Each structure stands twice: as C-alpha cells, then as structure tokens.
Amino acid sequence: MDCTEEMVKILFQHQHGLIITRIMSTACELGVFDLLLESGGFLSSAEIAERLGTSHMGMEKLLEACVSLKLLRMEKKDNEGFYGNTDLANLCLAKSSPKSQCQYIQFYSEFVYTCSQYLTKAVREGKHQAPLVFGTSEKNMYINISSSEERLEVFQNAMGDAWSLYGQEVISAFDLSSFHVVCDVGGGSDAFAKQYISLYPNSTVTIFDLPEVVERAKKHSVSSEEHRINFQSGDFLNDAIPEADLYILARVLHCLNDETCLALLTKLYNACKPGGGVLLVETVLNEDRSGPLAAHIYSILVMLVLEGKERTLSEYSTLLGAAGFKDVQFKKGRHLDAVYGRKENISF
C-alpha cells in the first residue's frame with residue numbers, strides 16, 4: 001500500500017466515524033448481538049431478520065457492515081452467509097454482558113451527535129454551546145441533564161457502562177485498602193462505588209451528588225452491598241462536603257475550569273481527615289500534548305458543553321499542590337488514568 005492509499009484509507013475512516021457509531025448503536029438497539037450470543041452459534045440473515053422483526057434486506061446490509069467492522073463473523077454455506085459474534089461483540093456489545101457498552105454507545109450516538117453540530121461555532125467563539133445543545137438558557141450541562149428523567153437515565157447508564165469496563169483498573173492503580181470511609185464526589189449512580197467496594201469490601205462509599213441525581217440513583221440501586229454504599233444530596237461546589245478518608249473525583253475535574261478545580265480541591269483538602277487522600281480519574285494528556293487521542297476527543301466534547309478541559313499530569317499536580325495535597329502519584333491506564341495525592345498527618 002503506497003503512501004497516498006494509506007492516507008485515503010485513514011481519511012475514509014475518519015470521515016465515516018459517525019455512521020460507524022450509528023451502525024453499532026443500531027445493531028445493539030435491535031438486539032443483534034444478544035440474539036447471536038444466546039444462539040451460541042451462527043444464524044442466517046433471514047433468520048436473524050425474522051426473529052428480530054426487521055426487513056431481510058435491511059438486516060443483511062447491517063450484518064455485512066458489522067462483519068467489515070470486525071464486530072461479527074460470517075461463514076458461507078451453500079452460498080448463503082451465516083453470522084456469529086466476535087469476542088468483542090460478546091464482551092462489549094451484547095446487552096446481557098456484564099461489561100456491555102451498549103448504553104454508552106447509545107449516549108454517543110444520540111447526545112454527542114447533537115453536540116457535534118455546534119463544534120464550528122464553539123471553536124469560533126471559544127466558549128461552550130450548552131444552551132443551544134439543550135435548548136434552554138441554563139449553561140450548566142449537569143443541571144440540564146438532571147432536568148430530564150430520560151436524559152439523566154441515558155447519561156447515568158452510559159457512565160455505568162464505562163465503569164464496568166474501566167473501573168477496576170483505575171481503582172486498583174494504587175493500594176487504597178487503608179481508607180475505610182470514602183466519598184465519591186459527583187459520582188452519579190452507584191456503578192463506580194460497586195467497583196470500589198468489590199475490591200475493598202471493608203470500605204463504605206458515600207456518593208455525593210445533586211438531589212435529582214441522587215434521587216434517581218437511589219431509586220434504581222438494587223445492590224446487595226447497600227449497607228456499604230450511601231447517598232447524600234448536595235452541590236459539591238456550594239455545599240459542605242462529607243468528611244472522609246479518601247475522596248474520589250472520577251471524570252469530574254475535566255468538566256471544570258482551573259479556578260473551580262482549585263476551589264473544589266481546597267474544599268476536599270479541608271474536609272479530608274489527616275493522612276487521607278484524593279483519587280482523580282481522568283484521561284491525562286501527554287506533557288507535550290501530542291496525545292492520547294482519547295484525551296483530545298474528550299477535550300473537544302468538554303469544549304462543546306462545559307467550561308473545563310483535559311490536562312497534563314503537571315497541570316493536575318500543580319492544582320493538587322496548590323490545594324495542599326502532597327506526594328502526587330500517577331498511574332497510566334489503558335484508557336483512563338489515575339492521579340493520587342495525600343494529606344499529611346498532623347505531627348506535634
């Protein structure tokens with residue numbers, strides 16, 4: 001493959017990123033991957049279409065596209081295609097999988113598509129477009145999301161999918177076993193908390209979030225670990241923070257500007273018990289800002305609806321240090337990274 005052909009191939013993939021997401025979300029929504037997982041083998045396009053109540057022609061085209069995307073496998077028998085899941089589909093695209101990403105893909109397919117229409121305007125003006133995205137005068141994305149039960153459900157389910165895939169890795173990045181009282185600040189649902197207590201069963205986690213978010217989370221929480229997961233309503237920017245040994249800010253700081261980040265971290269430092277700490281979960285930019293790609297994608301999304309940004313490790317370290325946290329440590333993950341700072345013990 002010559003240089004020009006390779007460039008055109010890359011261009012094609014980027015040009016059609018949106019429709020690729022739509023193909024995945026459509027196959028998830030129709031139940032293609034679940035049907036094939038349950039069947040335990042290969043089915044013809046006609047059988048899949050009949051069992052899922054779609055047209056044969058439309059389903060065949062969708063299945064063929066999924067094969068090209070390496071989401072499905074196809075075997076030919078008597079000149080007819082029979083389709084089965086790849087390992088990726090079984091793990092991440094079947095709704096019944098514990099690590100399913102179907103709801104996250106749905107969130108991207110619907111919400112991110114709407115946001116992306118305002119990207120040119122956001123770049124020109126250098127400010128977020130939340131009022132246009134949500135069709136309200138409210139500038140705070142989370143208040144906009146929380147104002148709609150349906151929108152909040154989609155968002156929280158998407159975040160739950162993400163933690164099912166990445167949660168254990170970031171939680172195990174450092175030994176946090178000495179912390180028994182944990183506060184998940186802006187934690188939303190109990191998805192991250194469940195991951196935490198599965199690794200540290202002697203801990204309790206308080207999820208501190210907006211009243212509307214907490215109300216829905218409590219309503220949908222059917223965890224057998226309920227006695228170790230608690231909910232407390234509040235605005236972490238304006239209300240008192242629960243006292244804890246460890247504070248978790250999972251994908252929170254990238255939503256905030258530097259001034260607000262420092263104010264929040266300082267508030268956590270003052271509430272934190274001596275010897276306690278704070279765990280940041282973010283996609284950290286390389287120091288030369290050359291990547292990773294995921295951080296730049298999130299940076300664009302943040303610019304569309306929020307006032308925050310993605311940051312380098314040195315930028316997070318500066319914020320943590322200014323708030324009073326010491327001994328900042330960093331662990332690079334496959335997708336999300338962990339940054340950890342400590343509050344010194346009081347000595348006399």
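Where in the structure is the place of Phe42? In this predicted model, Phe42 sits in the loop between α3 (32-39) and β1 (43-44). The briefing below treats this residue together with Asn85, a residue marked in UniProt, the largest pocket, and some backbone features.

**The region annotated as a domain**

- An unreviewed UniProt entry places the feature "domain: O-methyltransferase dimerisation" at residues 13-94.
- Helix makes up 65% of this span and strand 17%, and its end C-alpha atoms are 24 Å apart.

**Phe42**

- With a relative accessible area of 24%, Phe42 is partly exposed, because the partly exposed class lies between 20% and 50%.
- Phe42 and Tyr83 are 41 residues apart in sequence, yet their C-alpha atoms are 4.9 Å apart in space.
- Tyr83 is also one of the residues in contact with Phe42 when neighbours within four places in sequence are left aside. The others are Arg73, Met74, Glu75, Phe82 and Gly84.

**Asn85**

- Asn85 belongs to strand β3, which covers residues 80-85.
- The relative accessibility of Asn85 is 5%, so this residue counts as buried; the cut-off for that class is under 20%.
- A polar atom of the Asn85 side chain lies 2.9 Å from the backbone oxygen of Phe33.
- Phe33 also appears among the contacts of Asn85 beyond four places in sequence, together with Leu36, Leu37, Leu71, Leu72, Arg73 and Asn90.

**His254**

- According to an unreviewed UniProt entry, the feature "active site" is at His254.
- His254 is found in the loop between β7 (244-250) and α14 (258-271).
- Is His254 buried or exposed? His254 is buried, since its relative accessible area is 9% and buried means under 20%.
- The side chain of His254 has a polar atom 3.4 Å from the backbone oxygen of Arg251.
- Beyond its neighbours within four places in sequence, His254 is in contact with Glu282, Val302, Gly308, Lys309, Glu310, Arg311 and Tyr316.

**The largest pocket**

- The volume of the largest pocket is about 1400 Å³.
- Its lining consists of 33 residues, and those nearest the centre are Gly17, Thr21, Met24, Tyr108 and Ile297.
- Six helices each supply at least two lining residues: α1 (3-15), α2 (17-30), α6 (87-93), α7 (102-116), α11 (149-171) and α15 (293-305).
- Which helix gives the most to this lining? The answer is α15, with eight residues.
- By class, 23 lining residues are nonpolar and ten are polar, while none is charged.

**Backbone features**

- Most residues other than glycine have a negative phi, and most peptide bonds are trans. The residues below depart from one or the other pattern.
- Lys70 is not a glycine, but its phi is positive, at about 65 degrees.
- Lys70 lies in the loop between α5 (56-68) and β2 (72-77). Its relative accessible area of 63% makes it exposed, because exposed means over 50%.
- Asn79 likewise has a positive phi, near 65 degrees, and is found in the loop between β2 and β3.
- The relative accessible area of Asn79 is 72%, so Asn79 is exposed.
- The peptide bond from Gly291 to Pro292 is cis, with omega near 0 degrees. Pro292 is in the loop between β8 (272-282) and α15.

Terms used
Residues are numbered from 1 along each chain as its sequence is written. This is a predicted model: local features need pLDDT of at least 70, side-chain atom pairs count only at pLDDT 80 or more; totals for chains, interfaces and linings use all residues. Side-chain values use heavy atoms; hydrogens and water are left out. Helices (H or I, at least four residues) and strands (E, at least two) are DSSP runs, numbered from the N terminus. Buried means under 20% relative accessible area, exposed over 50%, partly exposed in between (1.4 Å probe, protein chains only). A polar contact is a pair of N or O atoms within 3.5 Å; within protein, one must be able to donate a hydrogen and the other to accept it, and residues adjacent in sequence count only if both atoms are side-chain atoms. Contact means heavy atoms within 4.5 Å. UniProt positions are given in the numbering used here, feature names are shortened, and annotations may be inferred rather than shown by experiment. On a 1 Å grid over the protein atoms alone, a cavity is a set of points where a 1.4 Å probe fits but cannot get out, and a pocket is an open set with protein on both sides within 12 Å along at least five of seven lines; lining residues have an atom within 4 Å of a point. Grid points are joined across faces, edges and corners, and a volume is the space filled by probe spheres set on the points. Ala, Val, Leu, Ile, Met, Phe, Trp, Tyr, Cys and Pro count as nonpolar, Asp, Glu, Lys and Arg as charged, and the others, Gly among them, as polar.
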